[in-house]
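Subject: Structure handover and notes

Dear colleague,

I am passing on the structure we discussed, and you will find it just below. My notes follow, and I have tried to keep to what can be checked directly against the coordinates.

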Amino acid sequence: MLATLIIVFREVFEAGLIVGIVLAATEGVARRGVFVASGIAAGVAGAALLAAFAGALSDAFEGSGQEVFTASILLAATVMLSWHQLWMASHGRAMAREMKAMGREVARGDRSLLAMAVVVAVAVLREGVEVVLFLYGIAVSTQAGALPMLAGGALGVLAGALVSWLLYRGLVAIPVHKLFKVTGWLIALLAAGMAGQAAAILAGADLIPAWGYQLWDTSWLLPESGMLGRALHALAGYSDRPMGIQVAAYLAVLTILVVGARLIGRRPAPQPAVARVS
Amino acid sequence: MRLSREALALLLAVPVNAWAADPVTLVLLNNQFSPSEVKVASGERFRIEVQNQGSAPAEFESTDLRVEKIVVPGGKITVMAGPLKPGTYKFFDDYHPETTGTLTAVDSVAEK
């Protein structure tokens, strides 16, 4: 039961970190609960559906179906996160100010909510497929003790969800005027990490050039298989043995988001009232 | 020589030897890899084929080799790995972490 709990927890934990950041980044946005919940529900439903066709997916693209699919959804999430980031750059300051003025019950536009719902769905889908197949494997195996193992799986899901909640609570404890700065950096790192992972997956399957298979090896210092390594991998795209193209994709997305947000943030804001406040 | 230059460009885009050698084949049955110890040449990219002949899904994984791929019951997958430095690398079924095996990369020149 404990082994099952740990395996399921590890997967849910990775998705949970992303959900926690999305929740904090959308703090104060009206109806974000509905969007995030829909994202999770879509992710779970997609995972179950995908698990049923896992064999067919594996065989697709001459055996590279899993890689192509995972890289595609990661890149989709990268685009969604980037869009949110640049949208926040033009609306974030006004949002933070209003939240300070009126407390946290502010109703704001939700143009970027759909993007964030997609990010949540992708995170849940990606890890969810593994959880669903793992639990299915336990359920079909005739060995004794399947029930306690499934119970362990359920506890693993709960524990993973708890981490996501704790991260969210921890982040929103940050004073409101700094919150969006912090979540902005977290989103930028998350997007860069996802782009890097997508590149590494495609290069790993020889679909794109790798530009060096191992730029450095820090597995002795911070192994990616450990809990901290896993957390950093999910949050900021940490890799203990990165490929050249992985680092390139990472830096490219990070640069675009940081520089892009600066440029947009410096531009006069669309509402005149906002532009005049200094 | 235009043709061979194009061929060279193709080889640079896709790592040399990627499809040349036969893959390392692993069969997964009753929570065991067979063989559970395999050898490959160091410094070369190679393929590993994993056949799951068991009744439950498995996830072939190795943090050392940077591979992670689901294998459904009765299915088979191929992953690419390497080039590796000489040494021993561990792989396992992530769904049954006690199911492990090792891959040893040996200096291909010294071996031959």
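Let me begin in chain B, where strands S3(B) and S9(B) run parallel and are joined by five bridges. Please keep in mind throughout that this is a predicted model. Within that parallel pair, B:Glu37 has B:Thr102 of S9(B) as its bridge partner.

The pair belongs to an open sheet of five strands in chain B, whose order is S3-S9-S8-S5-S6 and whose pairing is mixed. Strand S3 (37–41) and strand S6 (67–71) of chain B are the edge strands, and each has a single partner strand, so one side of each is left without a neighbour in the sheet. From one strand to the next, the twist in this sheet averages 25°.

On its other side, so to speak, there is S8(B) to consider. Strand S8 (residues 87–93) and strand S9 (residues 96–106) of chain B pair in the antiparallel sense, over seven bridges, and S8(B) and S9(B) form a hairpin that has two residues between the strands. If you wish to check the register, B:Phe91 has B:Gly101 in S9(B) as its bridge partner, while B:Tyr89 stands opposite B:Leu103 of S9(B).

Chain B also holds an open sheet of four strands, in the order S2-S1-S4-S7 and again with mixed pairing. Here strand S2 (32–34) and strand S7 (76–81) of chain B stand at the edges with a single partner strand each, so that one side of each is left without a neighbour in the sheet. The twist from one strand to the next averages 25° in this sheet. Strand S1 (residues 24–29) of chain B runs antiparallel to S2(B), the two being joined by three bridges, and B:Val27 stands opposite B:Ser34 in S2(B).

Turning to chain A, its secondary structure consists of 10 helices and zero strands. Buried residues make up 46% of the 278 residues in chain A, and, of the contacts in this chain with a separation of 6 or more, 83% are between residues 24 or more positions apart.

One helix pair in chain A deserves a closer description. The axes of helix H5 (residues 113–140) and helix H6 (residues 146–172) of chain A come within 9 Å and cross at roughly 165°. Angles over 145 degrees count as roughly antiparallel, and therefore H5(A) is roughly antiparallel to H6(A). The crossing of H5(A) with H6(A) is left-handed. The contact is made by A:Leu135, A:Ile138 and A:Ala139 on H5(A), and by A:Ala146, A:Met149, A:Leu150 and A:Gly153 on H6(A). Sorted by class, the contact between H5(A) and H6(A) has six nonpolar residues, one polar residue and no charged residues.

Finally, there is the contact between the two chains, which takes 21 residues from chain A and 20 residues from chain B. On the side of chain A that touches chain B, the elements giving two or more residues are helix H3 (54–63) and H5 of chain A, and H5(A) gives the most, with six residues. The residues on this side of chain A divide into nine nonpolar, eight polar and four charged. H5(A) thus appears both in the contact with H6(A) and on the side of chain A that touches chain B.

With best regards

Technical notes: Residues numbered from 1 in each chain as written. Chains lettered and ligands numbered in written order. Predicted model: local features only at pLDDT ≥ 70, side-chain atom pairs only at ≥ 80, totals over all residues. Axes fitted to C-alpha atoms, helices over the stretch in contact; angles between N-to-C directions. Parallel < 35°, antiparallel > 145°, perpendicular 65-115°, else oblique. Left-handed = near helix turned anticlockwise from the far one by under 90°. Contact = placed C-beta atoms within 7 Å. Nonpolar A, V, L, I, M, F, W, Y, C, P; charged D, E, K, R; others polar. Pairing = 2+ DSSP bridges. Buried ≥ 20, exposed ≤ 12 C-beta atoms within 10 Å, placed from the backbone.
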